[in-house]
Amino acid sequence: MPLTNTATRYGAVTKTFHWLSALLIFTAFPLGWLASSLAERIADPAISSTDIDLARATTLFSLHKTIGVSLFTVAILRILWTLAQPKPGLLNGDERTEAWLAETVHWLLYGSLVLVPLTGWIHHAAADGFAPIWWPFGQSLPFIPKSPSLSELFSTLHFVFQLVLAGAIALHVAGALKHHLIERDATLRRMLFSGTSGMPTTAQPSHLVSVLSALVIWAGALGAGGAAGLFSPHTPPATTAALQAVESDWQVENGTLSLTATQLGHPVTGSFADWTASITYAEDLTADRNGAVKVTVSIPSLTLGSVTAQAMGPDYFDADSFVTAVFEADILRDGDDLRADGTLTIKDHSVPISLPFVLDVQDDTATASGQVTLDRRAFGIGAKVEDEGTLAFSVLVEFTLVAHKAP
Ligand code: HEM
Ligand code: HEM
(Lines give C-alpha, C1' and ligand atoms only; values in the text may rest on other atoms or scores of the structure.)
(Ligands and ions follow the chains in the order given, each with its own letter.)
Protein backbone atom coordinates (compact mmCIF):
# COMPACT_ATOMS: atom_id res chain seq x y z
CA MET A 1 0.00 0.00 0.00
CA PRO A 2 1.45 3.45 -0.88
CA LEU A 3 2.56 5.48 2.13
CA THR A 4 1.56 8.90 0.86
CA ASN A 5 -1.78 10.48 -0.11
CA THR A 6 -2.89 11.43 -3.59
CA ALA A 7 -5.82 13.61 -4.62
CA THR A 8 -8.07 10.53 -4.62
CA ARG A 9 -6.88 8.26 -1.78
CA TYR A 10 -5.35 8.24 1.67
CA GLY A 11 -1.90 6.65 2.08
CA ALA A 12 -0.90 4.19 4.83
CA VAL A 13 0.70 6.86 7.05
CA THR A 14 -2.47 9.02 7.12
CA LYS A 15 -4.60 5.94 7.80
CA THR A 16 -2.30 4.82 10.63
CA PHE A 17 -2.42 8.30 12.20
CA HIS A 18 -6.22 8.38 11.80
CA TRP A 19 -6.94 5.04 13.44
CA LEU A 20 -4.23 5.42 16.08
CA SER A 21 -5.64 8.76 17.23
CA ALA A 22 -9.18 7.34 17.14
CA LEU A 23 -8.03 4.42 19.34
CA LEU A 24 -6.29 6.73 21.84
CA ILE A 25 -9.35 9.02 22.02
CA PHE A 26 -11.77 6.15 22.48
CA THR A 27 -9.56 4.94 25.37
CA ALA A 28 -9.04 8.37 26.95
CA PHE A 29 -12.77 9.21 27.07
CA PRO A 30 -14.04 6.36 29.28
CA LEU A 31 -10.93 6.63 31.48
CA GLY A 32 -11.59 10.38 31.98
CA TRP A 33 -15.26 9.81 32.84
CA LEU A 34 -14.53 6.89 35.17
CA ALA A 35 -11.68 8.68 36.96
CA SER A 36 -13.67 11.91 37.34
CA SER A 37 -16.77 10.19 38.71
CA LEU A 38 -14.66 8.20 41.19
CA ALA A 39 -12.81 11.39 42.22
CA GLU A 40 -16.17 13.14 42.76
CA ARG A 41 -17.26 10.32 45.07
CA ILE A 42 -13.97 10.47 46.99
CA ALA A 43 -14.24 14.26 47.32
CA ASP A 44 -17.81 14.02 48.59
CA PRO A 45 -17.52 14.49 52.37
CA ALA A 46 -20.76 12.52 52.82
CA ILE A 47 -19.25 9.36 51.28
CA SER A 48 -16.57 7.46 53.13
CA SER A 49 -13.67 6.33 50.91
CA THR A 50 -10.70 4.02 51.42
CA ASP A 51 -7.15 4.03 50.09
CA ILE A 52 -8.25 1.39 47.56
CA ASP A 53 -10.65 3.97 46.03
CA LEU A 54 -7.91 6.59 46.08
CA ALA A 55 -5.36 4.24 44.50
CA ARG A 56 -7.90 3.23 41.83
CA ALA A 57 -8.74 6.86 40.98
CA THR A 58 -5.02 7.67 40.81
CA THR A 59 -4.31 4.78 38.45
CA LEU A 60 -7.26 5.73 36.22
CA PHE A 61 -6.14 9.39 36.12
CA SER A 62 -2.49 8.49 35.48
CA LEU A 63 -3.55 6.18 32.64
CA HIS A 64 -5.91 8.83 31.25
CA LYS A 65 -3.22 11.51 31.31
CA THR A 66 -0.51 9.26 29.88
CA ILE A 67 -2.76 8.21 26.98
CA GLY A 68 -3.82 11.86 26.52
CA VAL A 69 -0.21 13.07 26.34
CA SER A 70 0.57 10.25 23.87
CA LEU A 71 -2.36 11.44 21.76
CA PHE A 72 -1.02 14.99 21.86
CA THR A 73 2.32 13.78 20.47
CA VAL A 74 0.59 11.71 17.78
CA ALA A 75 -1.66 14.69 16.97
CA ILE A 76 1.25 17.06 16.38
CA LEU A 77 2.95 14.52 14.08
CA ARG A 78 -0.35 13.87 12.31
CA ILE A 79 -0.99 17.57 11.70
CA LEU A 80 2.54 18.11 10.35
CA TRP A 81 2.07 15.10 8.06
CA THR A 82 -1.33 16.37 6.85
CA LEU A 83 0.14 19.78 6.05
CA ALA A 84 2.81 18.12 3.90
CA GLN A 85 0.36 15.90 2.00
CA PRO A 86 -2.25 16.34 -0.72
CA LYS A 87 -5.76 16.07 0.73
CA PRO A 88 -8.18 13.78 -1.08
CA GLY A 89 -11.31 15.82 -1.87
CA LEU A 90 -14.77 14.85 -0.61
CA LEU A 91 -16.72 12.42 -2.79
CA ASN A 92 -19.86 14.54 -2.37
CA GLY A 93 -18.30 18.02 -2.37
CA ASP A 94 -21.14 19.25 -4.58
CA GLU A 95 -23.73 18.67 -1.83
CA ARG A 96 -23.05 22.01 -0.24
CA THR A 97 -24.59 21.67 3.22
CA GLU A 98 -23.33 18.17 3.86
CA ALA A 99 -19.87 18.97 2.54
CA TRP A 100 -19.70 22.12 4.69
CA LEU A 101 -20.74 20.07 7.75
CA ALA A 102 -18.20 17.31 7.00
CA GLU A 103 -15.33 19.79 6.61
CA THR A 104 -16.37 21.83 9.66
CA VAL A 105 -16.36 18.62 11.69
CA HIS A 106 -12.91 17.71 10.30
CA TRP A 107 -11.60 21.11 11.50
CA LEU A 108 -13.23 20.60 14.89
CA LEU A 109 -11.54 17.19 15.10
CA TYR A 110 -8.11 18.52 14.11
CA GLY A 111 -8.45 21.41 16.60
CA SER A 112 -9.66 19.08 19.35
CA LEU A 113 -6.65 16.82 18.86
CA VAL A 114 -4.60 19.72 20.24
CA LEU A 115 -7.05 21.61 22.48
CA VAL A 116 -8.37 18.69 24.53
CA PRO A 117 -5.06 17.13 25.58
CA LEU A 118 -3.32 20.51 25.94
CA THR A 119 -5.98 21.95 28.29
CA GLY A 120 -5.88 18.70 30.32
CA TRP A 121 -2.10 18.91 30.46
CA ILE A 122 -2.07 22.56 31.60
CA HIS A 123 -4.75 21.75 34.20
CA HIS A 124 -2.46 19.00 35.48
CA ALA A 125 0.74 21.09 35.41
CA ALA A 126 -0.88 23.99 37.34
CA ALA A 127 -2.38 21.73 40.02
CA ASP A 128 -0.99 20.56 43.32
CA GLY A 129 -1.66 17.04 44.48
CA PHE A 130 -2.11 15.09 41.31
CA ALA A 131 -1.90 11.64 39.82
CA PRO A 132 1.40 11.64 37.89
CA ILE A 133 1.74 11.20 34.12
CA TRP A 134 3.65 7.94 33.55
CA TRP A 135 6.09 9.66 31.25
CA PRO A 136 9.55 10.83 32.22
CA PHE A 137 8.57 14.44 31.43
CA GLY A 138 5.62 16.75 31.60
CA GLN A 139 4.65 16.87 35.28
CA SER A 140 5.25 20.61 34.96
CA LEU A 141 5.09 22.71 31.80
CA PRO A 142 7.18 25.77 30.91
CA PHE A 143 5.41 29.08 31.67
CA ILE A 144 2.69 27.31 33.68
CA PRO A 145 2.89 28.28 37.36
CA LYS A 146 1.32 26.20 40.13
CA SER A 147 -1.93 28.07 40.58
CA PRO A 148 -5.30 26.74 41.80
CA SER A 149 -7.26 29.32 39.77
CA LEU A 150 -5.32 28.60 36.56
CA SER A 151 -5.77 24.88 37.12
CA GLU A 152 -9.52 25.34 37.68
CA LEU A 153 -9.83 27.45 34.53
CA PHE A 154 -8.11 24.80 32.41
CA SER A 155 -10.12 22.03 34.02
CA THR A 156 -13.25 23.83 32.78
CA LEU A 157 -11.74 24.42 29.33
CA HIS A 158 -10.80 20.72 29.18
CA PHE A 159 -14.39 19.84 30.06
CA VAL A 160 -15.93 22.19 27.45
CA PHE A 161 -13.52 21.13 24.68
CA GLN A 162 -14.02 17.42 25.35
CA LEU A 163 -17.80 17.96 24.99
CA VAL A 164 -17.21 19.64 21.60
CA LEU A 165 -14.94 16.74 20.64
CA ALA A 166 -17.58 14.19 21.69
CA GLY A 167 -20.20 16.01 19.58
CA ALA A 168 -17.84 16.22 16.59
CA ILE A 169 -17.01 12.50 16.82
CA ALA A 170 -20.72 11.62 16.97
CA LEU A 171 -21.40 13.66 13.78
CA HIS A 172 -18.24 12.34 12.10
CA VAL A 173 -19.09 8.68 12.75
CA ALA A 174 -22.73 9.25 11.74
CA GLY A 175 -21.51 10.82 8.48
CA ALA A 176 -19.10 7.96 7.78
CA LEU A 177 -21.83 5.39 8.39
CA LYS A 178 -24.32 7.32 6.24
CA HIS A 179 -21.84 7.29 3.34
CA HIS A 180 -21.16 3.61 3.82
CA LEU A 181 -24.63 2.24 4.51
CA ILE A 182 -26.98 4.65 2.74
CA GLU A 183 -25.01 6.23 -0.09
CA ARG A 184 -22.80 3.15 -0.40
CA ASP A 185 -19.88 5.22 -1.70
CA ALA A 186 -16.14 4.71 -1.00
CA THR A 187 -15.81 7.37 1.73
CA LEU A 188 -15.34 4.90 4.62
CA ARG A 189 -13.58 2.24 2.54
CA ARG A 190 -10.97 4.77 1.44
CA MET A 191 -9.99 5.28 5.11
CA LEU A 192 -9.67 1.51 5.74
CA PHE A 193 -6.34 -0.26 5.17
CA SER A 194 -7.93 -2.60 2.64
CA GLY A 195 -9.58 0.41 1.01
CA THR A 196 -9.84 1.79 -2.46
CA SER A 197 -9.68 5.27 -3.87
CA GLY A 198 -12.72 7.33 -4.84
CA MET A 199 -13.23 10.10 -7.36
CA PRO A 200 -13.78 13.45 -5.62
CA THR A 201 -16.29 15.90 -7.10
CA THR A 202 -14.87 18.99 -8.75
CA ALA A 203 -16.81 21.25 -6.38
CA GLN A 204 -15.29 21.26 -2.89
CA PRO A 205 -16.34 23.23 0.22
CA SER A 206 -14.46 26.39 1.14
CA HIS A 207 -11.84 25.85 3.85
CA LEU A 208 -12.25 29.40 5.08
CA VAL A 209 -15.99 28.96 5.70
CA SER A 210 -15.40 25.62 7.47
CA VAL A 211 -12.63 27.02 9.67
CA LEU A 212 -14.77 30.02 10.62
CA SER A 213 -17.72 27.71 11.35
CA ALA A 214 -15.50 25.59 13.64
CA LEU A 215 -14.30 28.73 15.44
CA VAL A 216 -17.90 29.89 15.91
CA ILE A 217 -18.81 26.49 17.40
CA TRP A 218 -15.88 26.62 19.89
CA ALA A 219 -16.78 30.21 20.82
CA GLY A 220 -20.44 29.19 21.23
CA ALA A 221 -19.44 26.27 23.46
CA LEU A 222 -17.30 28.57 25.63
CA GLY A 223 -20.16 31.11 25.76
CA ALA A 224 -22.64 28.39 26.77
CA GLY A 225 -20.18 27.18 29.43
CA GLY A 226 -19.91 30.77 30.72
CA ALA A 227 -23.69 31.18 30.76
CA ALA A 228 -23.99 27.90 32.69
CA GLY A 229 -21.61 29.30 35.30
CA LEU A 230 -18.81 26.82 34.56
CA PHE A 231 -16.21 29.59 34.60
CA SER A 232 -17.31 31.16 37.89
CA PRO A 233 -14.58 30.57 40.44
CA HIS A 234 -15.49 27.75 42.77
CA THR A 235 -15.55 28.96 46.37
CA PRO A 236 -16.16 26.34 49.00
CA PRO A 237 -19.34 27.00 51.00
CA ALA A 238 -18.56 28.85 54.21
CA THR A 239 -19.69 26.40 56.85
CA THR A 240 -18.82 28.66 59.76
CA ALA A 241 -18.65 32.34 60.49
CA ALA A 242 -15.16 33.82 60.89
CA LEU A 243 -13.54 33.30 64.29
CA GLN A 244 -14.15 35.99 66.92
CA ALA A 245 -11.25 38.38 67.60
CA VAL A 246 -9.36 37.50 70.81
CA GLU A 247 -7.82 39.57 73.59
CA SER A 248 -4.06 39.46 73.31
CA ASP A 249 -1.05 41.31 74.67
CA TRP A 250 0.43 40.96 71.22
CA GLN A 251 -1.93 41.56 68.30
CA VAL A 252 -1.14 39.55 65.19
CA GLU A 253 -1.07 41.96 62.22
CA ASN A 254 -0.50 39.38 59.58
CA GLY A 255 0.72 35.84 59.34
CA THR A 256 0.44 32.51 57.58
CA LEU A 257 -0.38 29.07 58.91
CA SER A 258 0.28 26.38 56.37
CA LEU A 259 0.53 22.63 56.18
CA THR A 260 2.26 20.37 53.69
CA ALA A 261 1.07 16.80 53.23
CA THR A 262 2.72 14.33 50.86
CA GLN A 263 0.21 12.69 48.54
CA LEU A 264 1.43 10.04 46.10
CA GLY A 265 4.99 11.19 46.72
CA HIS A 266 4.22 14.81 45.83
CA PRO A 267 4.02 17.63 48.39
CA VAL A 268 0.63 19.38 48.59
CA THR A 269 0.73 22.66 50.48
CA GLY A 270 -2.30 24.49 51.79
CA SER A 271 -3.07 27.15 54.34
CA PHE A 272 -5.67 28.19 56.88
CA ALA A 273 -7.16 31.59 56.06
CA ASP A 274 -8.75 32.11 59.47
CA TRP A 275 -6.98 31.67 62.81
CA THR A 276 -6.48 33.74 65.93
CA ALA A 277 -3.67 33.89 68.48
CA SER A 278 -3.77 35.13 72.02
CA ILE A 279 -0.18 35.78 73.09
CA THR A 280 1.47 36.93 76.28
CA TYR A 281 5.23 37.33 76.09
CA ALA A 282 7.82 39.21 78.10
CA GLU A 283 11.45 38.55 77.36
CA ASP A 284 13.18 37.27 80.47
CA LEU A 285 16.58 35.74 79.80
CA THR A 286 16.76 34.36 83.33
CA ALA A 287 13.39 32.57 83.41
CA ASP A 288 12.36 29.32 81.67
CA ARG A 289 8.81 30.48 81.04
CA ASN A 290 8.50 33.70 79.02
CA GLY A 291 4.80 33.63 78.25
CA ALA A 292 1.92 31.65 76.80
CA VAL A 293 0.01 31.29 73.55
CA LYS A 294 -3.39 30.00 72.51
CA VAL A 295 -4.01 29.56 68.79
CA THR A 296 -7.49 28.76 67.51
CA VAL A 297 -7.75 27.59 63.89
CA SER A 298 -10.89 27.48 61.75
CA ILE A 299 -10.72 24.09 60.02
CA PRO A 300 -13.14 24.98 57.15
CA SER A 301 -10.85 27.90 56.23
CA LEU A 302 -8.25 25.42 54.94
CA THR A 303 -7.51 25.38 51.21
CA LEU A 304 -5.43 22.36 50.21
CA GLY A 305 -4.88 22.22 46.45
CA SER A 306 -7.31 19.96 44.62
CA VAL A 307 -8.04 17.89 47.75
CA THR A 308 -9.65 20.59 49.91
CA ALA A 309 -13.10 18.99 49.93
CA GLN A 310 -11.61 15.59 50.68
CA ALA A 311 -9.61 17.04 53.60
CA MET A 312 -12.86 18.33 55.17
CA GLY A 313 -14.50 14.88 55.01
CA PRO A 314 -15.29 12.62 57.98
CA ASP A 315 -12.17 10.49 57.42
CA TYR A 316 -9.86 13.51 57.57
CA PHE A 317 -10.55 16.77 59.50
CA ASP A 318 -14.28 16.03 59.85
CA ALA A 319 -14.95 19.77 59.62
CA ASP A 320 -18.69 19.42 60.17
CA SER A 321 -18.20 17.91 63.63
CA PHE A 322 -14.95 19.62 64.66
CA VAL A 323 -14.90 23.20 63.46
CA THR A 324 -11.76 24.39 65.25
CA ALA A 325 -8.35 23.06 66.23
CA VAL A 326 -6.66 24.55 69.29
CA PHE A 327 -3.00 24.80 70.31
CA GLU A 328 -2.38 25.92 73.91
CA ALA A 329 1.22 26.19 75.02
CA ASP A 330 3.74 27.83 77.30
CA ILE A 331 6.51 29.84 75.67
CA LEU A 332 9.69 28.37 77.11
CA ARG A 333 13.24 29.64 76.87
CA ASP A 334 16.43 27.62 76.90
CA GLY A 335 19.25 30.12 76.47
CA ASP A 336 18.58 31.75 73.09
CA ASP A 337 16.24 28.97 71.96
CA LEU A 338 12.50 29.43 72.19
CA ARG A 339 9.79 26.85 71.89
CA ALA A 340 6.05 26.58 72.52
CA ASP A 341 5.36 23.44 74.56
CA GLY A 342 1.74 22.46 74.95
CA THR A 343 -1.19 20.53 73.57
CA LEU A 344 -2.61 20.50 70.08
CA THR A 345 -6.23 19.39 69.83
CA ILE A 346 -7.55 18.39 66.42
CA LYS A 347 -10.91 16.60 66.30
CA ASP A 348 -11.15 14.79 69.66
CA HIS A 349 -7.44 14.01 69.87
CA SER A 350 -5.17 16.07 72.16
CA VAL A 351 -1.48 15.50 71.61
CA PRO A 352 1.55 17.08 73.36
CA ILE A 353 3.55 19.18 70.89
CA SER A 354 6.84 21.04 71.12
CA LEU A 355 7.10 23.77 68.50
CA PRO A 356 10.53 25.45 68.19
CA PHE A 357 10.45 28.96 66.73
CA VAL A 358 12.61 31.98 66.12
CA LEU A 359 11.59 35.39 67.37
CA ASP A 360 12.85 38.86 66.63
CA VAL A 361 11.49 41.72 68.73
CA GLN A 362 12.19 45.30 67.61
CA ASP A 363 10.56 47.90 69.85
CA ASP A 364 6.88 46.89 69.87
CA THR A 365 6.98 44.65 66.80
CA ALA A 366 7.65 40.93 66.99
CA THR A 367 8.36 38.69 64.00
CA ALA A 368 8.19 34.96 64.60
CA SER A 369 8.32 31.80 62.52
CA GLY A 370 8.52 28.11 63.25
CA GLN A 371 7.65 24.66 62.05
CA VAL A 372 6.86 21.25 63.43
CA THR A 373 6.30 17.84 61.86
CA LEU A 374 3.18 16.00 63.05
CA ASP A 375 2.04 12.43 62.56
CA ARG A 376 -1.49 12.63 61.11
CA ARG A 377 -2.36 9.24 62.67
CA ALA A 378 -2.08 10.73 66.18
CA PHE A 379 -5.11 12.89 65.29
CA GLY A 380 -7.10 10.19 63.49
CA ILE A 381 -6.66 11.97 60.13
CA GLY A 382 -6.91 9.65 57.14
CA ALA A 383 -7.02 6.67 59.51
CA LYS A 384 -8.21 4.39 56.71
CA VAL A 385 -5.29 5.37 54.48
CA GLU A 386 -2.60 3.19 55.97
CA ASP A 387 -0.30 3.27 52.98
CA GLU A 388 2.44 5.91 53.24
CA GLY A 389 2.84 5.89 49.44
CA THR A 390 -0.75 7.17 49.09
CA LEU A 391 -0.61 9.71 51.95
CA ALA A 392 2.54 10.08 54.04
CA PHE A 393 2.10 9.97 57.83
CA SER A 394 4.24 13.09 58.39
CA VAL A 395 2.64 16.49 57.86
CA LEU A 396 4.69 19.66 58.10
CA VAL A 397 3.02 22.62 59.83
CA GLU A 398 4.63 26.06 59.44
CA PHE A 399 3.76 29.52 60.67
CA THR A 400 5.02 33.05 60.27
CA LEU A 401 3.59 36.09 62.01
CA VAL A 402 4.16 39.74 62.72
CA ALA A 403 2.58 41.03 65.94
CA HIS A 404 2.45 44.41 67.68
CA LYS A 405 2.44 44.88 71.41
CA ALA A 406 -0.94 46.15 72.51
CA PRO A 407 -0.66 49.63 74.04
C1 HEM B 1 -7.40 12.48 24.18
C2 HEM B 1 -7.30 13.39 25.00
C3 HEM B 1 -8.20 13.54 26.17
C4 HEM B 1 -9.55 13.33 26.27
C5 HEM B 1 -10.51 12.86 25.18
C6 HEM B 1 -9.93 13.65 27.60
C7 HEM B 1 -11.21 13.56 28.09
C8 HEM B 1 -11.55 13.74 29.40
C9 HEM B 1 -12.84 13.51 29.97
C10 HEM B 1 -14.02 12.98 29.21
C11 HEM B 1 -12.80 13.84 31.27
C12 HEM B 1 -13.93 13.79 32.27
C13 HEM B 1 -14.59 15.12 32.39
C14 HEM B 1 -15.71 15.09 33.38
O15 HEM B 1 -16.66 14.33 33.17
O16 HEM B 1 -15.61 15.84 34.35
C17 HEM B 1 -11.45 14.29 31.55
C18 HEM B 1 -11.02 14.73 32.78
C19 HEM B 1 -9.70 15.02 33.07
N20 HEM B 1 -8.64 14.97 32.20
FE21 HEM B 1 -8.72 14.52 30.28
N22 HEM B 1 -8.81 14.05 28.30
C23 HEM B 1 -7.73 13.98 27.45
C24 HEM B 1 -6.43 14.28 27.74
C25 HEM B 1 -5.95 14.65 28.99
C26 HEM B 1 -4.57 14.94 29.30
C27 HEM B 1 -3.42 14.90 28.32
C28 HEM B 1 -4.53 15.27 30.63
C29 HEM B 1 -3.36 15.67 31.49
C30 HEM B 1 -2.11 15.45 31.25
C31 HEM B 1 -5.88 15.17 31.15
C32 HEM B 1 -6.24 15.43 32.44
C33 HEM B 1 -7.51 15.34 32.90
C34 HEM B 1 -7.87 15.64 34.27
C35 HEM B 1 -6.91 16.07 35.38
C36 HEM B 1 -9.24 15.45 34.37
C37 HEM B 1 -10.10 15.68 35.59
C38 HEM B 1 -10.81 16.97 35.40
C39 HEM B 1 -11.03 17.71 36.68
O40 HEM B 1 -10.46 17.37 37.71
O41 HEM B 1 -11.77 18.69 36.62
N42 HEM B 1 -6.72 14.79 30.11
N43 HEM B 1 -10.72 14.22 30.40
C1 HEM C 1 -12.47 9.36 17.35
C2 HEM C 1 -11.66 10.00 16.74
C3 HEM C 1 -11.60 10.38 15.32
C4 HEM C 1 -10.97 11.49 14.90
C5 HEM C 1 -10.25 12.51 15.77
C6 HEM C 1 -11.08 11.54 13.46
C7 HEM C 1 -10.57 12.55 12.69
C8 HEM C 1 -10.65 12.62 11.33
C9 HEM C 1 -10.16 13.70 10.52
C10 HEM C 1 -9.49 14.95 11.06
C11 HEM C 1 -10.40 13.40 9.24
C12 HEM C 1 -10.06 14.26 8.03
C13 HEM C 1 -8.85 13.73 7.39
C14 HEM C 1 -8.40 14.61 6.26
O15 HEM C 1 -8.98 14.54 5.20
O16 HEM C 1 -7.44 15.37 6.49
C17 HEM C 1 -11.04 12.12 9.22
C18 HEM C 1 -11.45 11.45 8.11
C19 HEM C 1 -12.22 10.33 8.14
N20 HEM C 1 -12.66 9.63 9.25
FE21 HEM C 1 -12.22 10.02 11.13
N22 HEM C 1 -11.80 10.45 13.04
C23 HEM C 1 -12.15 9.71 14.14
C24 HEM C 1 -12.88 8.56 14.17
C25 HEM C 1 -13.44 7.98 13.06
C26 HEM C 1 -14.28 6.82 13.07
C27 HEM C 1 -14.70 6.04 14.31
C28 HEM C 1 -14.63 6.57 11.79
C29 HEM C 1 -15.53 5.50 11.21
C30 HEM C 1 -16.68 5.17 11.65
C31 HEM C 1 -14.00 7.57 10.96
C32 HEM C 1 -14.08 7.67 9.60
C33 HEM C 1 -13.44 8.60 8.83
C34 HEM C 1 -13.50 8.62 7.38
C35 HEM C 1 -14.26 7.66 6.52
C36 HEM C 1 -12.76 9.71 6.95
C37 HEM C 1 -12.51 10.19 5.54
C38 HEM C 1 -13.49 11.23 5.20
C39 HEM C 1 -13.34 11.60 3.75
O40 HEM C 1 -12.65 10.93 3.03
O41 HEM C 1 -13.91 12.62 3.39
N42 HEM C 1 -13.28 8.40 11.76
N43 HEM C 1 -11.19 11.67 10.51
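This report describes two iron-containing ligands, the residues around them, and several annotated or locally unusual parts of one predicted chain.

Because the model is predicted, local features need pLDDT of at least 70 and side-chain atom pairs count only at pLDDT 80 or more, while totals for chains, interfaces and linings use all residues. Residues are numbered from 1 along each chain as its sequence is written, chains are lettered from A and ligands numbered from 1 in the order in which they are written, and side-chain values use heavy atoms, with hydrogens and water left out.

## The site of ligand 1

The iron atom of ligand 1 has His64 (NE2) and His158 (NE2) as its protein donors, each lying 2.0 Å from it; donors here are N, O and S atoms within 2.8 Å of the metal (3.2 Å for Na, K and Ca), and sites may look incomplete since water is not among the atoms. Six donor atoms surround this iron atom and subtend angles of 88 to 180°, which makes the arrangement octahedral. For six donors that term requires opposite donors over 155 degrees apart and all others between 65 and 115. The two histidines join distant parts of the chain, with His64 in helix H2 and His158 in helix H4, 94 residues apart; helices (H or I, at least four residues) and strands (E, at least two) are DSSP runs numbered from the N terminus.

Around ligand 1 there are 21 residues, of which His64, Leu71, His123, Ser155 and His158 come nearest, a residue being counted when one of its heavy atoms lies within 4 Å. Among the polar pairs (N or O atoms within 3.5 Å), an oxygen atom of ligand 1 is 2.5 Å from a side-chain N or O atom of Ser155. The elements that give two or more residues to this shell are helix H1 (12–43), helix H2 (51–83), helix H3 (96–126) and helix H4 (148–183), and H2 gives the most, with six residues. By residue class, the shell divides into eleven nonpolar, nine polar and one charged, where Ala, Val, Leu, Ile, Met, Phe, Trp, Tyr, Cys and Pro count as nonpolar, Asp, Glu, Lys and Arg as charged, and the others, Gly among them, as polar.

## The site of ligand 2

The iron atom of ligand 2 is coordinated by His18 (NE2) and His172 (NE2) at 2.0 Å. Its six donor atoms subtend angles of 86 to 179°, which makes this arrangement octahedral. His18 in helix H1 and His172 in helix H4 are 154 residues apart, so that this pair, too, links distant parts of the chain.

Of the 20 residues around ligand 2, Tyr10, His18, Tyr110, His172 and Arg190 come nearest. A polar side-chain atom of Tyr110 lies 2.6 Å from an oxygen atom of ligand 2, and a polar side-chain atom of Arg190 lies 2.7 Å from an oxygen atom of the ligand.

The table lists the accessibility of the coordinating histidines, with buried meaning under 20% relative accessible area, exposed over 50% and partly exposed in between (1.4 Å probe, protein chains only).

| Residue | Ligand | Relative accessible area | Class |
|---|---|---|---|
| His64 | ligand 1 | 17% | buried |
| His158 | ligand 1 | 18% | buried |
| His18 | ligand 2 | 13% | buried |
| His172 | ligand 2 | 25% | partly exposed |

## Annotated spans

An unreviewed UniProt entry places the feature "transmembrane region" at residues 20–39, 60–81, 159–181 and 208–231; such annotations may be inferred rather than shown by experiment, and their positions follow the numbering used here, with feature names shortened. Residues 159–181 are 100% helix and 0% strand, with end C-alpha atoms 33 Å apart, whereas residues 208–231 are 83% helix and 0% strand, with end C-alpha atoms 30 Å apart.

The unreviewed entry also carries the annotation "domain: Lipid/polyisoprenoid-binding YceI-like" over residues 249–404. In the model this span is 3% helix and 62% strand, and its end C-alpha atoms are 8 Å apart.

## Backbone exceptions

Most residues other than glycine have a negative phi. Arg184, although not a glycine, has a positive phi of about 55°; Arg184 is found in the loop between H4 and helix H5 (207–227) and is exposed, with a relative accessible area of 64%. Asp318 likewise has a positive phi, of about 50°, and lies in the loop between helix H6 (308–312) and strand E6 (324–334), but Asp318 is buried, at 17% relative accessible area.

Notes
Polar contact = N/O pair within 3.5 Å; in protein donor to acceptor, adjacent residues only side chain to side chain. Tetrahedral: all angles 85-135°; square planar, octahedral: opposite > 155°, others 65-115°.
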